[in-house]
Amino acid sequence: KKNPNQSLERKNFCISDVKGTSCEKSYLDHAVKLFSMNHSVAVNDPYFGGYVTQFTKTLPMVNALQVEINRGIYMDEQKLELKETESQKLKQQITSYLSEIFQK
């Protein structure tokens with residue numbers, strides 16, 4: 001869902017947990033800590049979580065997060081072209097973050 005009061009300037013990542021209902025707070029906090037090491041991060045702003053995170057909150061023992069990526073960190077938005085170096089670095093970082101989050 002889109003936050004109607006969202007600002008035009010976005011953080012690099014938006015991590016959403018349907019306003020605290022789709023995962024344990026410690027799980028969210030761990031994800032935010034990892035992503036914040038190298039990037040700016042918002043929680044539930046401008047997005048609260050999508051269909052999958054809203055659905056999984058009803059399942060027992062499931063921690064679900066939605067991670068939105070600001071495309072400006074991996075893409076030249078004027079030319080609509082991928083920034084190859086930045087995208088490869090980002091891919092490695094995200095893979096590392098998600099691996100650690102899933103191990104938790």
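## Leu59 and the loop after α2

Leu59 is found in the loop that runs between α2 (51–56) and β3 (66–69). In this predicted model, Leu59 counts as partly exposed, at 38% relative accessibility. Its C-alpha atom is separated by 9.1 Å from that of Ser22, although the two residues are 37 residues apart along the chain.

Thr56 belongs to helix α2. With a relative accessibility of 12%, Thr56 counts as buried, because the limit for that class is under 20%. Leaving aside residues up to four places away in sequence, Thr56 touches Val62 and Ala64. Thr56 also has a long-range C-alpha pairing with Thr21: the distance in space is 9.6 Å, and the separation in sequence is 35 residues.

## Packing of α1 against α3

Helix α1 covers residues 25–36 and helix α3 covers residues 84–103; the two pack at an angle of about 155°, and their axes are 10 Å apart. Angles over 145 degrees count as roughly antiparallel, so α1 is roughly antiparallel to α3. The crossing in which α1 passes α3 is right-handed.

On the α1 side, the contact is made by Tyr27, His30, Ala31, Leu34 and Phe35. On the α3 side, the residues are Ile94, Tyr97, Leu98, Glu100, Ile101 and Phe102. Sorted by class, the contact of α1 with α3 has nine nonpolar residues, one polar residue and one charged residue. His30 of α1 and Glu100 of α3 are both part of this contact; by class, His30 counts as polar and Glu100 as charged.

## Leu98 and Ser36

Two further residues of these helices can be placed individually. Leu98 is found in helix α3 and is among the residues that make the contact with α1. At 29% relative accessibility, Leu98 counts as partly exposed. The C-alpha atoms of Leu98 and Leu34 are separated by 9.0 Å, with their positions 64 residues apart along the chain being the sequence separation. Leu34 is one of the α1 residues in the contact.

Ser36 has its place in helix α1. Ser36 is partly exposed, and its relative accessible area is 36%. From Ser36 to Asn12 the C-alpha separation is 9.4 Å, and these residues are 24 residues apart along the chain.

## Cysteines

How many disulfides does the structure hold? The count is zero. A disulfide needs a pair of cysteine sulfur atoms within 2.5 Å. For Cys14, the closest cysteine sulfur is that of Cys23, at 13 Å, which is too far for a bond. Cys23 in turn has the sulfur of Cys14 as its closest cysteine sulfur, again at 13 Å and too far for a bond.

Cys14 and Cys23 are each classed by accessibility as well. Cys14 counts as buried, at 4% relative accessibility. Cys23 counts as buried at 10%.

## Backbone exceptions

Most residues other than glycine have a negative phi, and most peptide bonds are trans. Three places in the model depart from this pattern and are described in turn.

The peptide bond from Asp45 to Pro46 is cis, and its omega is near 15°. Pro46 lies in the loop that links β2 (41–43) and α2.

Lys19 is not a glycine, yet its phi is positive, at about 55°. Lys19 lies in the loop between β1 (13–16) and α1. The relative accessible area of Lys19 is 57%, and the residue is exposed. Leu80 likewise has a positive phi of about 55° and is not a glycine. Leu80 lies in the loop between β4 (75–76) and β5 (81–82). With a relative accessible area of 62%, Leu80 is exposed, since the exposed class begins over 50%.

Definitions and conventions:
Residues numbered from 1 in each chain as written. Predicted model: local features only at pLDDT ≥ 70, side-chain atom pairs only at ≥ 80, totals over all residues. Heavy atoms only, no water. Buried < 20%, exposed > 50% of the residue type's maximum accessible area, 1.4 Å probe, protein only. Axes fitted to C-alpha atoms, helices over the stretch in contact; angles between N-to-C directions. Helix = DSSP H or I, 4+ residues; strand = E, 2+ residues; numbered from the N terminus. Parallel < 35°, antiparallel > 145°, perpendicular 65-115°, else oblique. Left-handed = near helix turned anticlockwise from the far one by under 90°. Contact = heavy atoms within 4.5 Å.
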